[in-house]
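Dear colleague,

I am passing on the structure below, together with some notes on what turned up in it. Please read them with the structure open beside you.

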Amino acid sequence: MSSTLSSQSLQKPLQPCYVISGDEILLHVEACDALRAAAIQQGYTERHRFVMDGRSDWSAVFEVCQALSLFGDKRFIDISIPAGKPGRSGSDALNRLSSQFSSTGDNVFLIQLPRLDRATRNAKWAKQLESTSQWVDIPSIDKKQLPQWLQQRTQSQKQRLHPEALLWLADQVEGNLLAAHQEIQKMGLLYPEGELSLLQVQAAVLNVARYNVFDLRDAMLNGDAKRALTVLHGLRGEGEALPLVLWAIGDEIRILAALSAIQQSGGDLNQAFREQRVFGAREKQLRHCLQRLSASIWPPAVRHAHEVDRLIKGLKNPGGMDDPWEEAARLCLRIALAA
């Protein structure tokens, strides 16, 4: 069943399985976070996290599903397939899981996928999931929709953009929802409720901090470890929110993992860049990064990014650091220093 994920639907008893699919990382993360929060409120306090690809062993997933909880807690089972290609064994596993959703009882599943192309969406495993789950397609916000999206976000913090300010901001963020989200949050801190003029918005946006998350992303991808650490420490000192930092670097890692998998399988890399909406200078940067780094680095890097996310949410990782900022630094260095 394909639908949206509204706050009203999350107040009702949760479905056995939710599939969240899309490439707008901000909206994707927000939807997953909303579902996790609803699950906790409804007693699904035992959380299990899996990051899978076409070569993964799914036996651990089934072991968790079948195991008895020591404290009788209901389980939230979060399965991410960053490349959107589960492979033959993963497809069989998903079909098997789909047939069990109605009888899992104390389990709620979240299956995270990128936006699927038509062929993958029509695959048997995807069709089976769609028929047995609440499938949520994260929308892409195109250029025409962006002003309305910006205004709605601004109104959620009881502000409103003057029409001139709205058009100017839409032009500045160039479709980057993460950047737009940061700018809107900044205006919420700087200005009181009410309408914001063009001059106010320009003053907020152009008065940039010394460091920004995109500087960090570029340093990491370009292999400049010293610069990456300098920017990361600067962001921490300026009070930047670590979830936003992780969104910026984690999104690039996820995209590169997907591109690398396609490259290794002999797929059309040029078409993959188009589907990921990566063009120009950024495409050149990502291609250089794919050439610089071994394909084997990407699956563990994706898992590492999820471990940082766990730390941010207060969940510890065996063998990892307790400080999520330090673990984020390790993740950046993992990419910057690799060869």
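K12 is exposed, with a relative accessible area of 55%, and in this predicted model K12 is placed in the loop that runs between helix 1 (7-10) and strand 2 (17-21). If you want a sense of where K12 lies relative to another residue, take E63, which is 51 residues from K12 in sequence and 28 Å from K12 in space, as counted from C-alpha to C-alpha.

Turning to the aromatic rings, a search of the whole structure gives zero aromatic pairs. Two rings do, however, have a charge over them: the charged end of K74 sits over the ring of Y44, at 4.4 Å from the centre of that ring, and the charged end of R96 sits over the ring of F62, at 3.9 Å from its centre.

The cysteines come last. Searching the whole structure also yields zero disulfides, and for C65 the reason can be given, because the closest cysteine sulfur, that of C17, is 10 Å from the sulfur of C65 and so too far for a bond, whereas a disulfide would need the two sulfur atoms within 2.5 Å. C332 is likewise in no disulfide, with the nearest cysteine sulfur, in C289, lying 12 Å away. As for their surroundings, C65 counts as buried at 14% relative accessibility, and C332 counts as buried at 0%, because the cut-off for buried is under 20%.

With best regards

Terms used: Residues are numbered from 1 along each chain as its sequence is written. This is a predicted model: local features need pLDDT of at least 70, side-chain atom pairs count only at pLDDT 80 or more; totals for chains, interfaces and linings use all residues. Side-chain values use heavy atoms; hydrogens and water are left out. Helices (H or I, at least four residues) and strands (E, at least two) are DSSP runs, numbered from the N terminus. Buried means under 20% relative accessible area, exposed over 50%, partly exposed in between (1.4 Å probe, protein chains only). Rings of Phe, Tyr and Trp (its six-membered ring) pair if their centres lie within 6.5 Å; planes under 30 degrees apart count as stacked, over 60 as edge-to-face and the rest as tilted. A charge sits over a ring if NZ of Lys or CZ of Arg is within 6 Å of the ring centre and within 35 degrees of the ring normal.
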